[in-house]
Amino acid sequence: GPDLKVISTLSVAFDHLALDEIKKRGIRVGYTPDVLTDATAELSVALLLSACRRLPEAAEQVKSGGWTTWKPLWMCGYGLSDSTVGIIGLGRIGQAVARRLKPFGVRKFLYTGSGPKPESAAEFGAEFVPLTRLAEESDFVVVTCALTPATQGMCNKDFFGRMKKTSVFVNTSRGAVVNQEDLYNALANGQIAAAGLDVTTPEPLPTDHPLLSLKNCVILPHIGSATYATRSTMAVLAANNLLAGLRGEPMPHELKL
Amino acid sequence: IGKKVQAIYLWWHKPVINKELLQSLPNLKVIANSGVGMDHLDLKLVASFGVKMANAPRAVSSTTADTGMALLLASARRLVEVHNISISPSMEYCEADILGVKVAGATLGIIGMGSIGYKIALRAKAFEMNILYHNRTRREVQEEQAVGATYCKKIDNLLQQADFVMLTVNLTPQTHKLIGKRELELMKPTATLINISRGAVVDQEALAAALQAGVIRAAALDVTSPEPLPRDHPLLKLKNVIITPHLGIKTDKATYMITEEAVENILAALSGLPLPSEVLPS
């Protein structure tokens, strides 16, 4: 309505906001960066490890009786030792993910984005590369970028076609960054080894969606920031953003339009 | 054929190394184990036949530490439970019902600070966890400082403070049922137990009861007693337990490395050279 003064979103992303219209009408926007970085980075690494070590698949074998006796190559996954990790979007969350993966024996970090970020990259010795090279050289690809017109559908047939057969793809950004049909084909045809998705298009996926049937795809219902502590903090911050906006005061975290 | 056998490469527990087997292999010089745990071997018996033993510690520690962290994170965020909800056509959920617990700022208590325990500490530090550890002997100060770990001489202190308890001990008579009813009751009701050591380190009946009654929040087990668990075991029915089928070292690279280590030890023994990772009866 015409009286709308303030929008307070319970997220760091703002791809769901019509920014042009908002800016035109002088509406202020509050958001929740930083407070959800740790929780989202933790979830991203949890998802990566669950996908590359086949945790849900293995846990299912335990329940179903498929686990009979120890066999050397049964349920073998992919390790992080000596691996190359490619991060798409080395922002707050991307850096937090890289920091957590480093002690797992990662040999090299690559990253891509709209431009190099030498200060952020220095901590990990990360090399700025084009998207194509990241796809070709990474054993693990983690998508932590914002959804923008530039990143929409970025991970597509060409991208997956360049990835290694033994590689693992993790997306905790936005579903629309990935061409889902191309991802499904890549997984089903063994072009990549496994995937972990916290975000899809749409959310939730229809119950008969083919991605849900793949053994090598771990899917979570957008729980990136879903811890008791983080959601409480986000809620309080969002409320404070809103109240400050209504009072015409500076917000704790205002989105600059 | 028995006279020709000079070396045995042991995959899991096969073949069973008993007196009969050892007597039938007079020229056996070395048994190389595909892993680091030696609790399935009677070390004194084997040594009494003049046979050397070796394990594969180098290949094992990183991959097993990765498994430990994978289980800690999966349990904290209820990953398996929530994945199953996502892929099931019928299960509905309320957003508030799928919240997990945060790892950053939480306290990790590592019981058994050998090479695997220490590698867990290195990983946990990157997640900004507070680290406590309990070990037979204290580590060097520099080693403690490198991971920000505080020594707990008494296991009780660790159990009372930890949000996540990680078991990385060897199985010995001293660590058999190390975690029982008493230890579980010392833990916080919000705490998680992770076991990547050996199933027998935990009193499983006590654990099942504790999980059912909410004495602790959750558990994640890569090892059980026996493996696999019988189909009707109560642990298999609990929602707040993740059980994985002894994935510890299950990556293609680690599997090759273990074999390489075993072969190194075997060749050394057959050449009369010192073994890179010999295990002696204590």
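# A tour of a predicted two-chain model

Begin with chain A: its 257 residues would, as a compact globule, have a radius of gyration near 18 Å, and the 20 Å of chain A agrees with this. The model is predicted, and every value given on this tour is computed from it.

**Chain A as a whole**

Colour chain A by secondary structure; nine helices and nine strands will appear. Oriented along the principal axes, the C-alpha atoms of chain A occupy a box of roughly 65 × 40 × 30 Å. Now colour by accessibility: 54% of the 257 residues in chain A count as buried. The exposed surface of chain A is about 10900 Å², and 54% of it is supplied by carbon and sulfur atoms. A contact map of chain A is also instructive, for among contacts with a separation of 6 or more, 64% are between residues 24 or more positions apart. Finally, select the charged side chains. Chain A carries 26 positive and 24 negative charges, and the mean positions of the two groups are 2 Å apart.

**Two backbone features in chain A**

Select A:Glu203 and A:Pro204 and display the backbone. The peptide bond between these residues is cis, with omega near -5 degrees. A:Pro204 belongs to the loop that runs between strand E8 (194-197) and strand E9 (217-219) of chain A.

Move next to A:Asp82, in the loop between helix H3 (55-64) and strand E3 (84-88) of chain A. Its phi is near 65 degrees, a positive value in a residue other than glycine. Most residues other than glycine have a negative phi, and most peptide bonds are trans. Is A:Asp82 buried or partly exposed? A:Asp82 counts as partly exposed because its relative accessibility is 46%, which falls between the limits of 20% and 50%.

**Chain B as a whole**

Switch to chain B and repeat the overview. Here the secondary structure comprises 10 helices and 10 strands. The radius of gyration of chain B is 21 Å, close to the 19 Å that the globule rule gives for 282 residues, so chain B is as compact as a globular protein of that length. Its C-alpha trace spans about 65 × 50 × 35 Å along the principal axes.

Of the 282 residues in chain B, 56% count as buried. The accessible surface of chain B amounts to about 12400 Å², with 55% belonging to carbon and sulfur atoms. Among contacts in chain B between residues at least 6 apart in sequence, those joining residues at least 24 apart make up 62%. Chain B has 30 positive and 26 negative side chains, whose centres lie 4 Å apart.

**Two backbone features in chain B**

Select B:Ser225 and B:Pro226, which are joined by a cis peptide bond with omega of about 0 degrees. B:Pro226 sits in the loop between strand E9 (218-221) and strand E10 (241-243) of chain B.

Then select B:Glu128, in the loop between helix H5 (115-126) and strand E5 (130-134) of chain B. This residue is not a glycine, yet it has a positive phi of about 60 degrees. With a relative accessible area of 42%, B:Glu128 is partly exposed.

**Where the chains meet**

Display both chains together. How many residues of each chain are in contact with the other chain? There are 53 residues of chain B in contact with 53 residues of chain A. The area buried between the two chains is about 5000 Å², and carbon and sulfur atoms give 64% of it. On the chain B side, highlight B:Arg77, B:Pro245 and B:Lys250: they supply 15% of the area that chain B buries against chain A, more than any other three residues.

**Two buried residues with contacts across the chains**

Select A:Thr230 in helix H9 (residues 228-247) of chain A. Its relative accessibility is 1%, so A:Thr230 counts as buried. Beyond its neighbours within four places in sequence, A:Thr230 is in contact with A:Val35, A:Leu36, A:Ala39 and A:Ser225, and also with B:Lys102 of the other chain.

Finish at B:Val103, found in the loop between helix H4 (79-87) and strand E4 (107-111) of chain B. B:Val103 is buried, with a relative accessible area of 1%. Setting aside neighbours within four places in sequence, its contacts include A:Glu42 in chain A. Within chain B, B:Val103 is in contact with B:Leu72, B:Leu73, B:Ala76, B:Phe127, B:Met129 and B:Phe164. For a last distance label, join the C-alpha atoms of B:Val103 and B:Pro15; these residues are 88 apart along the chain, and the atoms are separated by 42 Å.

Methods. Residues are numbered from 1 along each chain as its sequence is written. Chains are lettered from A and ligands numbered from 1 in the order in which they are written. This is a predicted model: local features need pLDDT of at least 70, side-chain atom pairs count only at pLDDT 80 or more; totals for chains, interfaces and linings use all residues. Side-chain values use heavy atoms; hydrogens and water are left out. Helices (H or I, at least four residues) and strands (E, at least two) are DSSP runs, numbered from the N terminus. The radius of gyration is taken over C-alpha atoms; the globule rule is 2.2 Å times the number of residues to the power 0.38. Buried means under 20% relative accessible area, exposed over 50%, partly exposed in between (1.4 Å probe, protein chains only). Contact means heavy atoms within 4.5 Å. Accessible areas come from the Shrake-Rupley method with a 1.4 Å probe; for residues, only the protein chains shown count as cover. Lys and Arg count as positive and Asp and Glu as negative; His and the chain ends are not counted. The place of a charge is taken as NZ of Lys, CZ of Arg, CG of Asp or CD of Glu. Buried area is the accessible area (1.4 Å probe) that two parts lose on being put together, summed over both.
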